[in-house]
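Reader: I would like a close look at one part of this model. Please take me through a pair of packed helices, and then a loop.

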Amino acid sequence: MTAQAAAGQAAAGQAAAGELAGRVALVAGATRGAGRAMAVELGRAGALVYVTGRTTRERVSEVGRPTETIEQTAELVTAAGGTGIAVPTDHLEPAQVKALIERIDREQGRLDVLVNSVWGGDRLIEFDTRLWDLDLDNALRMFRLGVDTHVITSHFALPLLIRRPGGLVVEVTDGTAAFNRRYRGSLCFDLTKNAPHRIAFGLAAELAEHGGTAVSLTPGFLRSEEMLDHFGVTEETWREAVAQEPHFAIAESPALIGRAVRALAADPERARWTGQSLSSGQLAKEYGFTDTDGSRPDCFGYFEDVVFGGKQATAADYR
């Protein structure tokens, strides 16, 4: 292990093992990527984590990635030091979400952290295509996957979360509110990924009297399983993809956003963030954790300064 990686591990341990013992979390959309990483990191701090999604060992969702299942995620949560419980759930089906929350209530009697990470719409995006040329069915499906699921989940989960003061809601999206002031290249994708910012803003107002906190949170350029497959690399060889896509040099592992959620959940003063749009890189600086390689990538700073601003710098200057 390099000294840099060792330093990263030490920093990542800032939220101590067991710090979230006794807390109950629900990570909706925890099959893979950011959702899986957030569930695992909550478990690493000792939380009991319900993980949901549509891909199980018996059934594959429309995303079509059968090797990534909620059962695997639950096992990773438990292996990390928490307790992982997999519950197959389609978050577009109110009856299924209602049954999920009733189960959590019956088994635990509390919910401390809700992470709305449901997505699964990458295959539906049509970049650089005018609205009138988009596949309308795909566009509307994107709304349902990225917006309706979040609203349905919060509708049923929040009555349980507000029973105790201090509950945390994390709306996961793509791009900070500031970054998303620029058009994201496809109207329906743009709308879908801006909606969680407003959901968090509104929930912050509604949760205030209950002592709750709601934020929106985005990773940077995420090295998800799907993105690694796209470039034909692995987490170990990801730097080889920089030759194909130079901006991939700023990419971060899913662990970074996982550590961000873990830090928020463990912070007794997290209410100072309520209603805000946050990023994994921003919280890494605030709380002092790093990515798995010991670096602290600032994806949005890099894009604002270098990609859009023309500053003479490299991704290494933002890690």
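Author: What follows covers a helix pair, one residue inside it, and two residues of a loop.

This is a predicted model, in which local features need pLDDT of at least 70, side-chain atom pairs count only at pLDDT 80 or more, and totals for chains, interfaces and linings use all residues. Residues are numbered from 1 along each chain as its sequence is written, and side-chain values use heavy atoms, with hydrogens and water left out.

Start with the helices. Two packed helices are described by the angle between their axes and the distance between the axes. Here the pair is H2 (residues 33–44) and H8 (residues 254–266). Helices are DSSP runs (H or I, at least four residues), strands are runs of E (at least two), and both are numbered from the N terminus. The axes of H2 and H8 come within 7 Å and cross at roughly 45°. That makes H2 oblique to H8. Axes are lines fitted to C-alpha atoms, for helices over the stretch in contact, and angles run from 0 to 180 degrees between N-to-C directions. Angles under 35 degrees count as roughly parallel, over 145 as roughly antiparallel, 65 to 115 as roughly perpendicular, and the rest as oblique.

Now the residues. From H2, those that meet H8 include Gly33, Ala37, Met38 and Leu42. On the H8 side, Ile257, Gly258 and Val261 are among them. Contact means heavy atoms within 4.5 Å.

Take Met38, in helix H2. Met38 counts as buried, at 0% relative accessibility. Buried means under 20% relative accessible area, exposed over 50%, and partly exposed in between (1.4 Å probe, protein chains only). Beyond its neighbours within four places in sequence, Met38 touches Val115, Ser117, Val172, Ile257, Gly258 and Val261. Its C-alpha atom lies 8.8 Å from that of Leu256, 218 residues apart along the chain.

Next, the loop. Ser186 sits between strand E5 (168–172) and helix H6 (187–207). Ser186 is buried, at 2% relative accessible area. Its side chain reaches the backbone oxygen of Glu126 at 3.4 Å. Setting aside neighbours within four places in sequence, Ser186 also contacts Ile125, Phe127 and Leu134, among others.

Asn180 is in the loop between E5 and H6. Asn180 is buried, with a relative accessible area of 5%. Leaving aside neighbours within four places in sequence, its contacts include Asp174, Lys193 and His197.

Conventions. Polar contact = N/O pair within 3.5 Å; in protein donor to acceptor, adjacent residues only side chain to side chain.
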